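Biologist: Could you take me through one part of this model in some detail? I would enjoy a close look at how the strands sit beside one another.

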Amino acid sequence: MHAYHSVSNNSLHCSVVPKDKGRNHSDFSSLFINVPPKNLTIRDNKNNTISGVIGPYEEGATVNLICEASGGRPTPNLSWWKGSTLLDDSDTPLGRGLVKNEIVLLDLQREDLLATLTCQARNTNLTVPVSKSVTIDLSLSPREVKIVTPRRPLSSGETLEVVCQTFGSRPPARLSWWIGQESLNSMAKETVSGDGNSTVSRLQFRPTSEEHGKLLICKAHNPETPDSALEDKWDLNVYFSPQLSLALGASQQYEHIREGSDVYFDCNIQANPPVTSVTWKFHSRALEHQPAAGIIIRNHSLLLQSVGRRHRGRYRCLATNSEGEGISEEAELMVQFSPVCISGQKRAYGVARHEEVNVTCEVDADPDDIQFRWMFNNTSETIDIITFTSTATQSIATYVPRSKMDYGTLSCWGRNSIGVQRQPCVFSIVPAGPPDPLQNCTLLSFSATSFMVNCTPGIDDGGMKPKFHLIAISLRDGKDSKNFSVVSDQPQFLIRGLHPGTTYQLVMYASNTKGLSTTIELLATTLFRAERRTGDEPPIAISAVLAVLMGLVGALVLLAIIIIFIMKSRSSSDNSVEQGENNEKMQTPKLKHFEDDSPDVIPSKPFCTDYSSLPPNSNSEIIYENVSQKEHTYANIMNRVHFVPSEPYDDITYAELALPDSQQPFVRHRLEPPPSTPTSISRTAGGHSRRPPRSSGTKKTPPAVHSSYPPKPSGW
């Protein structure tokens, strides 16, 4: 028997024929064969075929996905799946074996990141459906940005690290720093975490007073979505020392502030925290609230009432807070005032008869367009002086005294647009002559090679500035003796380079162009030079045993001294009783103190001469000798006998020595005037002799003048 199969029109035909060629048997049944789809594609709304990871799409975006299948028998059904969740199974046949399914994803969210969407084509349950998948990539905005540094008040100039952090951006967010429109990114450093989810920026921030009250902003943005920026703000509170500016106001215009006006200053202050104190300074002197003096300080203002020349100068204000002290710039106050006499001018002019003198008058004024007027005043009359020249604030009058009545005072007035000078400049015209002698000459200090002498000038300088002279005449015989001369503008003299242990005669006088004063003389002796040790002494090594022995010897010596002292004290106490009885019988005569009305004599300063190297004369007990009886030569002084006691003294005895009125002291005041040559010195056989200088003229006494100012010129 044989069997035969045939397939046609999805039908299976089966025939069976026996071998013996008997009657055959046929059977018919339907056979269905499923053919899977040939092509399955996914396209976007722009008809671009897509696969794998698609995007990135912005958060909140809408995405259209189209799945198409071709071929297959029967026609497949298309469906969209998200994981195991069916999203859409409504497909649309397109004919000719084509079918599609379009899905619209609205408002993509952070949860849709890397979500897998699958399109399945199925035409039977007997086989695995055909499918294709795509993965959605999203560009995510930062979820959060925050300045994590604690917010507190900052000090100007303080360097602070400010940290800002952001999370949740894909790709990692970029951080930027801003103050207003000013970028601070150059001072920041940015780091990204390993998973890309976090970004940290560290800013090295140094605030200034200009940043006070501004906002420090940290911005985080996704570089692919610029509109997704988030920001955090810090309202800065910056502490800084006071910043001051000075404003000047007045009752009149600043350029024309006249004396008598009221002027006020305003101190404009910017400070955080507020200032605790405000002070004012005029030049470098602090001003205080003194309403009686016309200085009123109120809050941040300074009021000066009725200003004058004394108020001219530089003003500034100072303010203090917890951050420090601020100082304003200086403001110059210019006050216009009438002329005033400048101090420090030469006020006395010594002039001989028929001698012309130029008297200079200087005043200070603002403005300086000054008109001058001169007047002469003596005991009997007042005369206008017209022989003068003027330039700005200075006027020079030419004057010639011709008689005794031409000596007196010259007065100078100035006038400008503000007013007339209230007090004139007064100059004395006196007869010229030599200056008065020096007074109160004192030996301040002396050493082995120097003297320092201080004097006071005479009352009358002869109408001219004097020079002061000192001549040191050595009273030492020998070739190495040397005299010294010093000229000074002040009556103080320092003589150096003297010979040790030598007595010098000091001659002092004053001089001007009219002659020399009388001289003042002192005797002074330099100290002996101390001996110097030469050579190096070898160090002494002291052993421990030697040190102990020295200590014992020292203790014994100390004990012996104590015993002697006790015995001495007992002996002194016994003698004191006997001495007290003897003292009652003695009468001490009063010593007459040396007095001299001459201002040139200085009895308070003794003159020391060291005669310790000379052998005493035991045959004499002379303790006083009039120095005017002999010439002051070195030989006379050294050969002068000294007092030697007949018996040695046990103790030091102090006594007071008073010179009789009839005797002359060491200081001699020569009355004869010196010649034009300061000093003529010649050496004789007996020592030194000096010819005193003599004056070239006779000093005259100026006539009496009025002590009060002369009246102001009429018409001013």
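Modeller: Happy to; here is a walk along one strand and its partners. Please keep in mind that this is a predicted model, where local features need pLDDT of at least 70, side-chain atom pairs count only at pLDDT 80 or more, and totals for chains, interfaces and linings use all residues. Residues are numbered from 1 along each chain as its sequence is written, and side-chain values use heavy atoms, with hydrogens and water left out.

Let us begin with strand β37, residues 394-399; strands here are DSSP runs of E, at least two residues long, numbered from the N terminus. Its side chains alternate: Ser-395, Ala-397 and Tyr-399 point to one face and are buried (under 20% relative accessible area, with a 1.4 Å probe and protein chains only). Gln-394, Ile-396 and Thr-398 point to the other face and are not buried.

Now for the partners, where two strands pair if DSSP finds at least two bridges between them. With strand β33 (residues 357-366), β37 pairs in the antiparallel sense over six bridges, and there Ala-397 of β37 has Val-359 opposite it. Strand β36 (residues 388-391) is also an antiparallel partner of β37, through four bridges. In that pairing, Thr-391 has Gln-394 of β37 as its bridge partner. β36 and β37 form a hairpin with two residues between the strands, and in this hairpin Ala-392 takes a positive phi near 55°.

Note on methods: Buried < 20%, exposed > 50% of the residue type's maximum accessible area, 1.4 Å probe, protein only.
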